[in-house]
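These are my notebook entries on one structure. I set out to look up a pair of packed helices and a pocket.

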Amino acid sequence: MPVSSQDLLSHFRFARGKTIDLTLRPSYTKLLVELGSPHTKLPAPILVAGTNGKGSTIAFLRAIIEACGKTAHIYTSPHLIQFHERIRIAGRLIDEESLVSLLEEITAKAEPGQISIFEAGTAAALTAFARTPADCTLLEVGLGGRLDATNIVPNLVACAISRLSFDHREYLGETMHEIAGEKAGIMRAQTPCFISHQPSSEAQEALHEQAAAKGAKLYGEGETWSIERHDDGSFDFLSATRTLRNLPRPALLGEHQYHNAGLAIACATALPFPVPDEAFAQAMRRVQWPGRLQQLTSGKLHQHLEASQELWLDGGHNDSAGEMLGRQFQRWHESDGKPLHLIFGMINSKKPQEFTAPLLRWAESIETIYVDGEIPGFPAEELAATVAGMGGKNVAPSKSLHDALEKIVRANGNQSCRIVICGSLYLVGEALRQNGSTLS
């Protein structure tokens, strides 16, 4: 039987006994040199870090670039259904044959036990990108910034930092100043760095301090560029060098997506080709980023619903994501008052209290389930006890995603309602798999 990419990836999965290893080790840099130093040969690379919104920012950037008729290499993480989603070569998902070939090459050159799965995936992406023509390269930081495997790229045309929040504290620090300092590690001297407005003044100050120390050119939201939203959902982008009026409502749902769109538009000023106004408008209409306030309108899970019921997915999993999701729940409540029901699961390295606190007042019921990911999930019973103890209404554990969905649908009969699966990208990926969804 021919070897698969999954077989080869399992070789790296628990390298050094960890699923996350926040270091830039000589073994990784040595591997890249043996692969021909692909990180030095990327077309117009842009690196995006952040806690929330970095993937959406890249999705907007990709849409802008493609609306110009150009192509981009794109590296993001994590994936939802299959590993191939992390690597887009000139806009197309990497195929199995190409991924297997790259991983075999890496396996042959890597030191046994010294390369993590994220380093292997990053090395594969960088190698593929260096060997294929494109107009630019978009790289999403995996964790932090300063010591992330993506931060080895030397010749950035720009970098961006989206909204920062508390996440991965065991790796990045317990204060927003420490977290922002790690994220700011992607800044380069004399290289433009575009940043979203930070709700934390501590984070905002740390980013400015690091930019000054590194000699980076900082372009901050509310300082050198801004967005203004209109009542009809359209918005303006304003800066000293570009004014865009009445851009259409972003196809990605949520108030926060206006800020992610603004960050992408600001960053697009560093692209090595002109972007016409219409390309920005087209990008807002066409942008796609699965698993982030995504509605399922067909598929195996959707078939369980009554006609007036809606099924949504969101992979947010920290305090900031909970706040943004809570604001969307409030808008739904004020617009049509449909009852809201949650299916909630979370890996045990996260803090369920922080994520769910903004959601509980809007949820009529909550079914908790176990998330089966690379990092173990909280038991459904433990999550249920936690959420109920915070004042959640009608909270109960379920055996599975299918069981939770069936319970909610059965309890509501043919009544109109919204069901939101949330708390983990692993859970969202499982929902997409069970729904029979494919990503392309």
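Entry 1. At roughly what angle do the axes of H3 and helix H9 cross? I note beforehand that the model is predicted. I looked up helix H9, residues 256-268, and found that its axis and that of H3 come within 8 Å. The two axes cross at roughly 50 degrees. An angle that is neither under 35 degrees, nor over 145, nor from 65 to 115 counts as oblique, and therefore H3 is oblique to H9. I also recorded the hand of the crossing of H3 and H9, which is right-handed.

Entry 2. I then listed the residues that make this contact. H3 contributes Ser 56, Thr 57, Phe 60, Leu 61 and Ile 64. From H9 come Gln 257, Asn 260, Ala 261, Leu 263, Ala 264, Ile 265, Cys 267 and Ala 268. I sorted the residues of the contact of H3 with H9 by kind: nine are nonpolar, four are polar and none is charged.

Entry 3. I turned next to the second largest pocket, for which I noted a volume of about 820 Å³. Its lining has 35 residues, and those closest to its centre are Gln 288, Trp 289, Pro 290, Leu 439 and Ser 440.

Entry 4. Which helix gives the most to the lining of the second largest pocket? I found that H3 does, with six residues. Helix H3 spans 54-67, and strand E12 (294-296) likewise supplies at least two residues of this lining. By kind, I recorded 17 nonpolar, 11 polar and seven charged residues in the lining of the second largest pocket.

Conventions. Residues numbered from 1 in each chain as written. Predicted model: local features only at pLDDT ≥ 70, side-chain atom pairs only at ≥ 80, totals over all residues. Heavy atoms only, no water. 1 Å grid on protein atoms, 1.4 Å probe; cavity = no way out; pocket = protein on both sides within 12 Å on 5 of 7 lines; lining within 4 Å. Points joined across faces, edges and corners; volume = space filled by probe spheres on them. Helix = DSSP H or I, 4+ residues; strand = E, 2+ residues; numbered from the N terminus. Nonpolar A, V, L, I, M, F, W, Y, C, P; charged D, E, K, R; others polar. Axes fitted to C-alpha atoms, helices over the stretch in contact; angles between N-to-C directions. Left-handed = near helix turned anticlockwise from the far one by under 90°. Contact = heavy atoms within 4.5 Å.
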